[in-house]
Amino acid sequence: MASAALSQLVTFAILARSLGPIEFGLFVQISAVTAIAVQICGLGASDCLLRRVSREPASYTSLLGHNLVLIGLSGAVLVIGGVAAMSSWAHISSWSHMSSWVHMSSGPSVDTTTLALLFLGNVVLVRVILLVETAFLGLGRLDAANRAVVGFAFGRMATAALACMLFQVSSLSEWAVWQCGGNLLFALVGAAWLRPLGRPRLTILREELRAGILFSSQFVMRAVRSNVDLLVIGLFTPIETVGSYGVARRIVDSSYLSIDALNRLIYPRLARESRDGLYLALPMAKRALIAALALSLTTFLILFMLAPKLPALFGRDYHDLSFFVRCLSGTIVLVGAWAAAIDLLGASGRQDARAWILNGANLLGSALLAVATWLAAPVGTFIALYVIEGAIVVAAWLVLLSFVRRSRLQADEPARASP
């Protein structure tokens, strides 16, 4: 996971230097929308694949088919709807200065083909690629899951290096072709990799739709909250500043991989430990909390110290990059503080409680973030981000401990009734 994070950082550096602040800022704004769409694609079916296969490996083929069907259906809607919606926004922005996409008209134009390629590559194909890792994790094949993650990260880096450094790609329209082609190639490799594990049985498991939508909604709302600042900040700052802020956000988002690496190992174990009672998995969640805090503190310190050197890597035109990275890096510690509690709620089947916490925080947080950015960008943006993450920490652990007490009482009832 560390090598994957490093390769992503190199990929961002190559793109930022080759596209320049204006084109890269435009790419960041479009990516903010596709980052939300990719969480909708598949309707959260990956959760049931990981959760149920870790308990019942024989259910793999039907759950894989369930995922593929939902990815195909929802992906088609998202690509068509996304391209149509963003084309309309770009048209409106040509005469309306109130639109967050105003910079699309003052900067380079974005044609329909480019938008379609970006949506297809960053939404449908990325969701298929992520499915490969989830399948291996559910089956307990951690080495294969690791190779899938690292392989995709290095594949993206190789694509960016080949396109930008060898073929001198310097525009968003050219990069869209390369990115979509690279993701398609890796998706095909992933399909061939999964083929020996069993042919998917294409079906829709209706009993898993509600849980999947609840699971997906949590990440959709988090993606909305995580990207609303990228959209709103473009209203009040030049597109070049959006580029610098976008690079900083990509760096900090990539640094969450250290927490994600821990969570992906712990989640199947939490699912098994909590089968006979949520309270039985609490000791493991506490150990995961300590490990997550150690990882996040280390990551924060590394980013804070390296921040002044980042403009030399990404390009001197990104003037505010160091300041943005240092201000954002502390949020990693707060994410590490709530990750274990949220994962235990999900692994134990309490997707409803998990959804209420994350969706509520992210929905209210999106409004807070938009208002704070509007009133005092970018300092207000940073303050709002820390308030949101801190609120999730408090809510997640309070709710989890409440469920633990209830679970322990239910387990004690038969013992008290036995005498």
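Buried means under 20% relative accessible area. Keep that cut-off in mind for the close-ups below, all taken from a predicted model.

**View 1. Thr 381, tucked away in helix H16.** Here we're looking at Thr 381, which belongs to helix H16, a helix covering residues 379–417. Its relative accessibility is 0%, so Thr 381 counts as buried. Who are the residues that Thr 381 touches, leaving aside those up to four places away in sequence? They are Asp 229, Tyr 245, Leu 369, Ala 372, Thr 373 and Ala 376. Thr 373 deserves a second look: its side chain and the side chain of Thr 381 make a polar contact at 2.8 Å.

**View 2. Leu 368 in helix H15.** Leu 368 sits in helix H15, which takes in residues 351–376. With a relative accessible area of 37%, Leu 368 is partly exposed. Once residues up to four places away in sequence are set aside, Leu 368 touches Ala 384, Val 387 and Ile 388. Try finding Gly 380 too: it is twelve residues from Leu 368 in sequence, and the two C-alpha atoms are 9.5 Å apart.

**View 3. Helices H14 and H15 side by side.** Now for the other partner of H15: helix H14, made of residues 331–347. These two helices pack at an angle of about 145 degrees, and their axes are 7 Å apart. Is the crossing of H14 and H15 left-handed or right-handed? It's left-handed. On the H14 side, the contact uses Trp 338, Ile 342, Asp 343, Leu 345 and Gly 346, while H15 brings in Gln 351, Arg 354, Ile 357 and Leu 358. Sorted by class, the residues of this contact are five nonpolar, two polar and two charged.

**View 4. Helices H2 and H10 crossing at a slant.** This close-up pairs helix H2 (residues 45–55) with helix H10 (residues 257–273). Two packed helices are described by the angle between their axes and the distance between the axes. For H2 and H10, the angle is about 55 degrees and the axes are 9 Å apart. That angle makes H2 oblique to H10. The crossing of H2 past H10 is right-handed. From H2, the contact draws on Asp 47, Leu 50, Ser 54 and Arg 55; from H10, on Tyr 267, Pro 268, Ala 271 and Arg 272. That mix comes to four nonpolar, one polar and three charged residues.

**View 5. Helices H10 and H11 running opposite ways.** Stay with H10 and look at how it meets H11. What angle do the axes of H10 and H11 cross at? It's roughly 175 degrees, and the axes come within 10 Å. H10 and H11 are therefore roughly antiparallel to each other. From H10, the residues at the meeting place are Ser 258, Ile 259, Leu 262, Ile 266, Arg 269, Leu 270 and Glu 273. Facing them in H11 are Met 284, Ala 285, Ala 288, Ala 291, Ala 292, Leu 295, Ser 296 and Thr 299. By class, this contact has ten nonpolar, three polar and two charged residues.

**View 6. Leu 297, a partly exposed spot on H11.** Leu 297 is part of helix H11, which spans residues 282–306. Its relative accessibility is 43%, so Leu 297 counts as partly exposed. Now look across to Ser 366, 69 residues away along the chain: its C-alpha atom and that of Leu 297 are separated by 26 Å.

**View 7. Two loop residues with positive phi.** Both residues in this view have phi near 55 degrees, a positive value in a residue other than glycine: Leu 43 and Gln 168. Leu 43 is in the loop linking helix H1 (2–40) and H2, and at 29% relative accessibility it counts as partly exposed. Gln 168 is in the loop between helix H6 (142–166) and helix H7 (172–194). Buried or exposed, which is Gln 168? At 54% relative accessibility, Gln 168 counts as exposed.

**View 8. Ser 62 in helix H3.** We finish with Ser 62, found in helix H3, residues 60–93. Ser 62 has 10% relative accessibility, so it counts as buried. Apart from residues up to four places away in sequence, Ser 62 touches Arg 201, Thr 203 and Leu 205.

How values were computed: Residues numbered from 1 in each chain as written. Predicted model: local features only at pLDDT ≥ 70, side-chain atom pairs only at ≥ 80, totals over all residues. Heavy atoms only, no water. Helix = DSSP H or I, 4+ residues; strand = E, 2+ residues; numbered from the N terminus. Buried < 20%, exposed > 50% of the residue type's maximum accessible area, 1.4 Å probe, protein only. Axes fitted to C-alpha atoms, helices over the stretch in contact; angles between N-to-C directions. Parallel < 35°, antiparallel > 145°, perpendicular 65-115°, else oblique. Left-handed = near helix turned anticlockwise from the far one by under 90°. Contact = heavy atoms within 4.5 Å. Nonpolar A, V, L, I, M, F, W, Y, C, P; charged D, E, K, R; others polar. Polar contact = N/O pair within 3.5 Å; in protein donor to acceptor, adjacent residues only side chain to side chain.
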